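Here is a protein to look at. Turn the structure as you read, and try each question before its answer.

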Amino acid sequence: MADGQGGCMTPTIFWPEHFPAALLSGRKSSVVNPMIRTEFASGRSRARRRFTAVPVIHNVSWLFKTPELASEFEQWFAETLQDGTEWFGMELVLPQGKGPWPFQFRTIYSGPDMMGSPVGQRWVVEAELLQWLRAN
């Protein structure tokens, strides 16, 4: 639950332990810009802080080893997370540690897409996650 002031967030839903961890290779993160700049006719500008509660957007992917596990993820997303609208706790390695950190899906995921041969199926899911606050 959020405290209403942009402070702490304690999710009550957690990434299932038997689901894979987010892949580290190729992961991208971007901090939402907390600054606003006003341009003046003179060519000068004034920068100021818009907010202090700074969220982070993480582009992540998961590799599910069976079609059943990928299907279970889709069901968890739809039912438990109410199509991604609920916040959940998940471990993700950051410079500040591995968490768990509070996340919400920014939009619906892409996939699952089959990777490999039909015999050795793996299923890739990619998503943008919104982290509640930049870790300190």
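**Surface, fold and core**

The protein exposes about 8600 Å², and carbon and sulfur atoms supply 53% of that area. Accessible areas come from the Shrake-Rupley method with a 1.4 Å probe; for residues, only the protein chains shown count as cover. This is a predicted model: local features need pLDDT of at least 70, side-chain atom pairs count only at pLDDT 80 or more, and totals for chains, interfaces and linings use all residues. Residues are numbered from 1 along each chain as its sequence is written, and side-chain values use heavy atoms, with hydrogens and water left out.

Q: In what order do the elements of the protein run from the N terminus on?
A: Helices (H or I, at least four residues) and strands (E, at least two) are DSSP runs, numbered from the N terminus. The protein has one helix and eight strands. Read from the N terminus, the order is β-β-β-β-α-β-β-β-β.

Q: What percentage of the residues of the protein count as buried?
A: Buried means under 20% relative accessible area, exposed over 50%, and partly exposed in between (1.4 Å probe, protein chains only). The protein has 136 residues, and the buried share is 34%.

Q: Which element gives the most residues to the largest nonpolar core?
A: A nonpolar core is a set of buried Ala, Val, Leu, Ile, Met, Phe, Trp, Tyr and Cys residues joined through side-chain atoms within 4.5 Å. The largest one has 25 residues; Trp 15, Trp 62, Phe 64, Phe 73, Phe 88 and Phe 105 touch the most other members. Elements giving two or more residues are β4 (56-64), α1 (67-80), β5 (88-90), β6 (101-105) and β8 (122-131). The top giver, with five residues, is α1.

Q: How many residues make up the second, separate core?
A: Its members include Met 9, Ile 57, Trp 87 and Trp 132. The size of this second core is five residues.

Q: How far apart are the end C-alpha atoms of α1?
A: The expected span of a helix is 1.5 Å times one less than its number of residues. For the 14 residues of α1, that gives 20 Å. The model agrees, because the end C-alpha atoms are apart by 19 Å.

Q: Within what arc do the buried residues of α1 fall?
A: In α1, Leu 69, Ala 70, Phe 73, Trp 76 and Phe 77 are buried. On the other side, Glu 68 and Glu 79 are exposed. The arc is that of the directions from the helix axis to the C-beta atoms. The buried residues line one face of the helix, because seen down its axis they fall within an arc of 115°.

Q: Which residue is the bridge partner of Ile 36 in β3?
A: Two strands pair if DSSP finds at least two bridges between them. Here five bridges join β2 (residues 35-39) to β3 (residues 45-49), and the two run antiparallel. They form a hairpin with five residues between them, and Gly 43 in the turn has a positive phi of about 100°. Across from Ile 36, the partner is Arg 48.

Q: Why does Ser 61 count as buried?
A: Ser 61 lies in strand β4. Contact means heavy atoms within 4.5 Å. Leaving aside neighbours within four places in sequence, Ser 61 is in contact with Ala 21, Ala 22, Leu 23, Val 124, Val 125 and Glu 126. Ser 61 counts as buried because its relative accessibility is 13%.
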